[in-house]
Amino acid sequence: MVAANEPPKSRLRLMAVHAHPDDESSKGAATMARYAAEGHEVMVVTCTGGEAGSVLNPAMDRPEVVANMTEIRREEMARAAKILGVSHAWLGFIDSGLPEGDPLPPVPEGSFAVIPLEESTGALVKVIREFRPHVIVTYDENGGYPHPDHIRTHEISVAAFDAAGEKERYPDAGEPWQPMKLYYVHGFSRARMTVFHEALLARGLESPYEEWLKSWDPEKADVMERVTTRVECGDYFEQRDEALKAHATQIDPNSRWFAVPRDLQREVWPTEEYELVRSLVDSTLPEDDLFAGLKEGQ
């Protein structure tokens, strides 16, 4: 394990590891925009090119878009990163797609979800050692939702967090660097949707969440029960939304993503939520800062 990783107190580094372009803008984007604005270094790592994604915005469902999906999604990602003020790296794997049908078809050969874990972990270790993040954010063991690429992203992020500081592991991937904290990002909670639903109705506005909440399995645990860290980032919701809209092939600007007015969001739920799962520094739970424990003594 690398011995000396004392971070510079004035400028810390955060890495968010995501499966596809657009995931970074729907999961923790306002947090990243806040830290970037405060002068910290923030990098998004995207594991695949999103090549298998469908065109989900009717306005973009055109033959020339479908024919150039790979190039267009790269351009969208570049625009989103610029809006958020973050740097970006492609890991370079092929989108596995979301299997559909009964029974489910196998994941395509050679795609990210079936590449040997040692190989994909090594690719992430190389980027970690180059960027040297103090904090890494990724998905939980369910992938946030059970897309094979999201689950694989979780697997390689946890494995790379452990391997990056070991000089015996991946010796050709650069000088060892041990990140200090690992978080899972949690966005789609029943608690959050309930608060939005009730706030919309209280304002006399239509809520898009009524049917969704009615169909919620009461036996299903809410991810809010796992949350350890809530980061105040309401001032950056506009950047988050603009970054999401930059992924025009994937995001319909008239969709439920934008159903809750931003001023209402800032009033009733101005945070983004995370679960601290590994820490090599002392911090007191609950937290309000992903860098908690790294900033002490400033």
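**Notebook: rings and charges**

I looked first at arginine 230 and found that its charged end sits over the ring of tryptophan 269, 4.5 Å from the ring centre (NZ of Lys or CZ of Arg within 6 Å of the ring centre and within 35 degrees of the ring normal). This is a predicted model, in which local features need pLDDT of at least 70, side-chain atom pairs count only at pLDDT 80 or more, and totals for chains, interfaces and linings use all residues. I note that residues are numbered from 1 along each chain as its sequence is written, and that side-chain values use heavy atoms, with hydrogens and water left out.

I then looked up arginine 240, which lies over the face of phenylalanine 237 at 4.2 Å from the ring centre.

Next I turned to ring pairs, and the count came to five aromatic pairs (rings of Phe, Tyr and Trp, the last by its six-membered ring, with centres within 6.5 Å; planes under 30 degrees apart are stacked, over 60 edge-to-face, the rest tilted). One of them joins tyrosine 35 and phenylalanine 291 in a tilted arrangement, with 4.8 Å centre to centre and 55° between the planes. I checked both tyrosine 35 and phenylalanine 291 and found them buried (under 20% relative accessible area, with exposed over 50% and partly exposed in between; 1.4 Å probe, protein chains only).

Tyrosine 183 and tyrosine 274 form an edge-to-face pair, 6.3 Å centre to centre with 80° between the planes, and both tyrosine 183 and tyrosine 274 are buried.

Finally I looked at the whole protein, where 53% of the 298 residues count as buried, and the C-alpha trace spans about 55 × 45 × 40 Å along its principal axes.
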